Amino acid sequence: MLRGGSRWASRFKIFLPRLKNDYKTPPFLLTFSSSFTTTAPTAGTGAADNDSSQPGRPSAPPPIQVGFTDSAGRGVFATRRIAAGELIHTAKPIVCHPSLSSLHSVCYFCLRKLLPDQRPLFQSNDVQFCSQECQNQSQVFHEIERRADWSTFNDYCRMHGLKYPLLVKRYACLVISGSSSASSLDILQPASLSSEMISLVEKEFCLLRSTFQDADINTQQLAFLTKQWYTGVLARIRINAFRVELACESYEDLLSSAAASVEAEGAVGNAIYMLPSFYNHDCDPNAHILWPENVDARVKALCDIEAGEELRICYIDASMDYEARQTILSKGFGFQCNCLRCSSHH
Ligand SMILES: [Zn+2]
Ligand SMILES: [Zn+2]
């Protein structure tokens with residue numbers, strides 16, 4: 001997921017308050033049953049965290065629980081033994097968006113790579129979809145989005161190399177259309193933004209708001225879109241967005257290598273997920289996230305995991321040396337890594 005070390009996934013770790021003392025027992029607070037996952041708020045591709053649609057797979061809840069760790073706040077734990085290579089769960093995004101450079105080569109809804117002969121088939125307002133179904137499902141945001149002229153907003157993002165405002169834009173369209181609540185992301189931990197960052201955000205916010213206003217979205221529908229809302233959403237996206245990199249070979253082959261050394265075609269976009277955001281980081285992870293086809297994420301075990309063991313993924317390029325990892329984790333995520341690997345400075 002995180003090759004190149006240029007952009008990382010996300011996480012909670014020290015952004016969480018130390019809740020240990022508030023929650024003495026039980027250690028596990030949330031269990032992800034299929035009923036939870038099928039009602040999870042989703043918009044990116046419109047369904048649940050737990051993929052029960054695979055042929056031959058019963059719709060069992062994933063073998064994990066979210067609880068509190070001794071030192072890193074919230075974390076994900078195995079509820080039974082999980083074998084190396086096992087698919088732990090899948091996850092649909094809450095919101096996703098293609099990168100601007102991939103706009104014309106991936107599906108605007110699910111980020112699947114488009115075949116050249118597919119491009120004219122499902123086209124709408126200068127964006128393409130891989131299928132009629134994706135086009136239909138995108139209506140929840142696209143009907144609002146297509147009413148506005150996004151050229152200034154996109155140019156601004158392109159010029160400044162910004163990708164997260166695109167996620168906020170799509171999320172705002174979902175809220176305006178009534179298909180998402182303006183507080184859906186509140187459960188995610190926010191990054192703490194410096195005052196310098198907050199002043200930079202002002203411009204994006206004003207552009208977003210004026211683009212909607214120019215499109216005659218009425219004031220009542222835009223009531224949620226305050227600078228405070230924008231900043232809060234951006235602060236959550238900042239540390240919880242996953243950079244989506246489609247694996248170009250069979251993802252089964254990738255299990256033999258660490259997440260960070262996997263070859264991929266490069267990022268096609270960014271996405272926010274609920275359950276994957278609860279995983280803590282480890283530089284020698286026991287789980288990883290793959291995108292074999294599109295924005296639907298698959299969390300797989302990299303090694304045998306015992307019941308009760310915490311599942312951790314690597315937020316960064318694990319092939320980097322100790323110093324580089326510490327620098328990125330500290331600057332990008334705000335914590336110092338004390339994993340076993342870092343303890344021995346490897
Ligand atoms: Zn699609
Ligand atoms: Zn570490």
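**Exercises on two helices of a predicted model**

Helix 7 (227-240) and strand 10 (280-281) are among the elements that cover the buried residues of helix 8. The model is predicted: local features need pLDDT of at least 70, side-chain atom pairs count only at pLDDT 80 or more, and totals for chains, interfaces and linings use all residues. Residues are numbered from 1 along each chain as its sequence is written.

**Exercise 1.** Find which residues of helix 8 are buried and which are exposed.

*Solution.* Step 1: helices (H or I, at least four residues) and strands (E, at least two) are DSSP runs, numbered from the N terminus. Step 2: a residue counts as buried if 20 or more other C-beta atoms, placed from the backbone, lie within 10 Å of its own, and as exposed if 12 or fewer do, with partly exposed in between. Step 3: Arg 325, Ile 328, Leu 329 and Phe 333 are buried. These residues cover an arc (of the directions from the helix axis to the C-beta atoms) of only 100°, so they lie on the same side of helix 8. Step 4: Glu 323, Thr 327 and Lys 331, on the other side, are exposed.

**Exercise 2.** Check the length of helix 5 and state its surroundings.

*Solution.* Step 1: the expected span is 1.5 Å times one less than the number of residues. Step 2: for the 13 residues of helix 5 (residues 164-176) this gives 18 Å, and the end C-alpha atoms are 18 Å apart, which agrees. Step 3: 13 of the 13 residues are buried, so helix 5 is largely enclosed by the rest of the structure. Step 4: just after helix 5, Gly 178 has a positive phi of about 85°.

Key. Chains are lettered from A and ligands numbered from 1 in the order in which they are written. Two residues are in contact if their C-beta atoms, placed from the backbone, lie within 7 Å.
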